[in-house]
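The exercises below concern strand pairing, nonpolar cores and pockets. Work through each task with the sequence and coordinates open, then compare with the solution.

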Amino acid sequence: MGKVFGYPEFDANGEKVLTTYDNDYKEMLMDIRVFRLKAGDVKTFCKEKEETAVLLLKGDVVFSFDETSREVTRKDVFTEGPWAVHICTGAKVTVEAKADSEILVQSTMNDQTFESKLYAPEDAPWGYSCVGKFGNVAKRRVNTIFDHDIAPYSNMVLGEVLNDRGNWSGYLPHRHPQPETYYFLFDHPEGFGASFVGDQVFKSTDGSFSAIPGGELHPQAVAPGYQMYTCWMIRHLEGNPWLQTDRNEDERYVWLHDAEF
């Protein structure tokens with residue numbers, strides 16, 4: 001097993017590298033980077049034999065693709081829903097920052113062609129999970145921007161989670177064969193949580209990430225007083241895509257479903 005957690009920093013060009021096809025986190029089978037854009041900055045993404053999703057984390061940008069342009073804004077990930085562009089191999093998306101902004105760019109190998117898609121907040125509404133269960137301490141908001149049901153032509157899944165303060169997510173402890181990457185943000189820079197990858201535990205901090213190999217349990221928790229955002233990204237395996245119904249909970253903990261608190 002390679003490394004499973006990282007604390008990357010932005011370089012002088014405003015780029016933060018999480019996973020690549022050949023770095024310490026290559027088991028994720030994805031290239032994931034975060035970019036800080038200053039007002040006026042323009043970045044273009046176009047990759048051969050790769051699909052790419054560009055997610056606005058905060059700011060004001062113009063997405064241009066397929067002769068279409070759309071200005072979109074997001075105050076932050078804690079108060080507003082996602083805007084994301086998803087393009088196929090050889091397609092191009094340009095991001096022009098109208099104000100200081102941050103974007104996350106997720107790519108993976110895929111030579112299929114498909115129509116570019118702009119996902120708006122109404123396409124990925126927040127929904128509460130585990131309300132009233134487990135003493136109500138695993139209640140969190142979840143959205144799915146796209147998965148196998150929404151985009152069966154894709155080799156990726158992209159979604160977001162908002163932990164309530166002091167609460168858990170990814171609970172009950174569960175596993176699946178597909179690799180998954182979590183990117184963490186906190187509503188205060190000193191915020192922190194705990195990220196479990198199998199039997200290892202790491203301090204999740206603002207801008208850190210977890211690279212979860214297939215088959216490992218991966219629950220998360222956030223400290224009281226802080227809200228934690230997680231961008232969750234899964235790579236389908238050939239012939240074995242991740243499905244919403246494939247939540248393989250560890251049998252040691254399933255008794256909690258019927259427990260009273």
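Two strands pair if DSSP finds at least two bridges between them; strands (E, at least two residues) are DSSP runs, numbered from the N terminus. The model is predicted: local features need pLDDT of at least 70 and side-chain atom pairs count only at pLDDT 80 or more, while totals for chains, interfaces and linings use all residues. Residues are numbered from 1 along each chain as its sequence is written, and side-chain values use heavy atoms, with hydrogens and water left out.

**Exercise 1. The open sheet**

Give the strand order of the open sheet of seven strands, and identify its edge strands.

Solution.
1. The order is β1-β19-β16-β21-β13-β12-β11, with antiparallel pairing.
2. β1 (5-6) and β11 (127-129) are the edge strands, since each pairs on one side only.
3. At the β1 end, two bridges join β1 to β19 in the antiparallel sense, and G6 stands opposite F209 in β19.

**Exercise 2. The partners of β5**

Find the strands that pair with β5, and name a residue pair for each.

Solution.
1. With β9 (residues 101-109), β5 runs antiparallel over eight bridges; T52 stands opposite S107.
2. With β6 (residues 68-74), seven bridges join the antiparallel strands, and S64 is placed opposite S69.
3. β5 and β6 form a hairpin with two residues between them, and D66 in the turn has a positive phi of about 50°.
4. With β8 (residues 93-97), the antiparallel pairing covers five bridges; the bridge partner of F63 is V95.
5. With β7 (residues 84-87), four bridges make an antiparallel pair, in which V54 stands opposite V85.
6. Why is β5 largely enclosed by the rest of the structure? Because 14 of its 16 residues are buried, where buried means under 20% relative accessible area with a 1.4 Å probe, protein chains only.

**Exercise 3. The nonpolar cores**

Describe the largest nonpolar core, then trace the contacts of L55. A nonpolar core is a set of buried Ala, Val, Leu, Ile, Met, Phe, Trp, Tyr and Cys residues joined through side-chain atoms within 4.5 Å.

Solution.
1. The largest core has 29 residues, and those with the most contacts inside it are L55, L57, L104, L158, Y183 and Y229.
2. At least two residues each come from β3 (31-37), β5, β12, β13 (156-163), β16, β19 (209-212) and β21.
3. Leaving aside neighbours within four places in sequence, L55 is in contact (heavy atoms within 4.5 Å) with residues including W83, L104, L158 and Y229.
4. A second, separate core of 22 residues includes F45, V72, A91 and I103.

**Exercise 4. The pockets**

State the volume and lining of the largest and second largest pockets. On a 1 Å grid over the protein atoms alone, a pocket is an open set of points where a 1.4 Å probe fits, with protein on both sides within 12 Å along at least five of seven lines; lining residues have an atom within 4 Å of a point. A volume is the space filled by probe spheres set on the points.

Solution.
1. The largest pocket has a volume of about 440 Å³. Of its 26 lining residues, R140, V142, G170, H174 and R247 are closest to the centre.
2. The second largest has a volume of about 370 Å³. Its lining has 20 residues, with R36, E102, L185, D206 and G207 nearest the centre.
3. β16 gives the most to this second lining, with three residues.

Note on methods. Buried means under 20% relative accessible area, exposed over 50%, partly exposed in between (1.4 Å probe, protein chains only).
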